Amino acid sequence: MENVKLQPGEQLDDLQNGYHIIQSRQGFRYGIDAVLLSAFARVKPGEKVLDMGTGTGILPILLAAKTPGRCFTGLEIQEKSAKMARRSVAFNGLEEKIRIVTGDIKEAAAIFGPASFDVAVSNPPYMTGQHGLVNPEQEKAIARHEVLCTLEDLVRETAAVLTSRGRFYLVHRPFRLAEIMGMLMKYRLEPKRMQLVYPYVDREPNMVLLEACKNGNPRITVEKPLIVYEQPGQYTRQVREMYGDGR
C-alpha cells in the first residue's frame with residue numbers, strides 16, 4: 001500500500017467498505033450502475049468471477065468486498081485504465097484475490113479458455129454509434145459507446161468463458177431490452193432474473209439489471225422495482241445500504 005502513489009490528475013476515493021479506488025479527476029469514473037450491479041450479482045463461495053470491461057476495477061473490488069467468491073479477474077482493453085486498476089488492487093492489498101488482464105473482450109475465450117469462470121459480470125457501453133453524440137475523449141467514448149465491441153461480441157464471449165450453468169450479470173438500458181434478451185438467448189444464456197431501476201418513483205426506468213444462466217431452463221423472475229432517489233440528492237434506504245454508509 002505504501003508503494004502505491006497517485007499520478008497527476010488522479011484522486012483516491014473511499015468506497016465506504018474498507019477499500020478505496022484510484023480514479024482520474026477528468027476521465028471516466030464509475031457510477032451508481034456499478035454499485036447496483038455489484039449488489040444484484042450473486043457469487044457463491046469458491047466461485048471464479050470475470051468482469052468483462054472492468055475499467056478501473058470497480059466491480060472486482062466491490063464484489064471482493066461483499067461476496068465469498070474465490071478469485072476475481074478484470075478484463076480491460078485500455079492499458080491506462082488497466083494500470084490504474086492494478087494500482088487500486090495493490091493499494092487495497094487484494095493481489096491474492098484480484099487480477100487485472102489487459103485484453104480485448106472480443107478475444108476473451110482465446111485469452112482465458114472456454115468454461116473458465118463460474119460467474120461473469122459486465123457494465124458495458126450502453127450506446128451504439130447511432131445513439132447520441134460520441135464523446136470526443138477516447139477513454140469516455142469507449143466506456144459509453146460500442147466503439148471497440150458490440151453487445152453481440154460481449155454476449156458471445158461471455159457465453160464461451162462460462163461453465164455450463166454459469167451465471168452472467170449485466171446492467172444496461174431498458175430501451176435495448178428486447179435486443180439484449182434476444183442476444184442472450186441466441187448464445188444459450190437464459191434470462192433468469194430482471195430488475196428495473198427507476199431514478200424516482202414517478203419516472204420511467206433508466207437502467208435494467210439482468211441475470212442469465214448458461215444452458216438454463218426457460219423461466220424468468222421479475223423482481224420489484226428499485227427506486228434510486230427519494231428526492232434530489234437523497235438516496236432511498238435500499239440504495240444507501242448498497243453503498244454501505246449512513247447517508
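Q: Why is Asp13 called buried or exposed?
A: Buried means under 20% relative accessible area, exposed over 50%, and partly exposed in between, with a 1.4 Å probe and protein chains only. Asp13 has a relative accessible area of 16%, which is under 20%, so Asp13 counts as buried.

Q: What kind of model is this, and how are its residues numbered?
A: This is a predicted model, in which local features need pLDDT of at least 70, side-chain atom pairs count only at pLDDT 80 or more, and totals for chains, interfaces and linings use all residues. Residues are numbered from 1 along each chain as its sequence is written, and side-chain values use heavy atoms, with hydrogens and water left out.

Q: What makes Arg29 and Asp13 a salt bridge?
A: A salt bridge is a side-chain nitrogen of Lys or Arg within 4 Å of a carboxyl oxygen of Asp or Glu. For Arg29 and Asp13 the N to O distance is 3.1 Å, which is within 4 Å, so the pair qualifies. Arg29 lies in the loop between strand E2 (20-24) and helix H1 (32-40), while Asp13 lies in strand E1, 16 residues apart.

Q: Why is Arg29 called buried, partly exposed or exposed?
A: The relative accessible area of Arg29 is 30%. This value falls between the two limits, so Arg29 is partly exposed.

Q: How do you know that Glu10 and Arg87 form a salt bridge?
A: Their closest N and O atoms are 2.5 Å apart, which is within the limit, so the pair is a salt bridge. Glu10 lies in strand E1 (residues 10-14) and Arg87 in helix H3 (residues 79-91), so the pair ties together parts that are 77 residues apart in sequence. Helices (H or I, at least four residues) and strands (E, at least two) are DSSP runs, numbered from the N terminus. Both Glu10 and Arg87 are buried.

Q: What makes Glu157 and Arg156 a salt bridge, and is each buried or partly exposed?
A: The closest N and O atoms of Glu157 and Arg156 are 3.0 Å apart, so this pair also meets the definition. Glu157 is buried, with a relative accessible area of 8%, whereas Arg156 is partly exposed at 27%.

Q: How many salt bridges does the whole structure hold, and which residues are linked in a network?
A: A search of the whole structure finds 12 salt bridges. Arg42, Arg193, Glu211 and Glu223 are linked in a network of them.

Q: How many of the residues count as buried?
A: Of the 247 residues of the protein, 53% count as buried.
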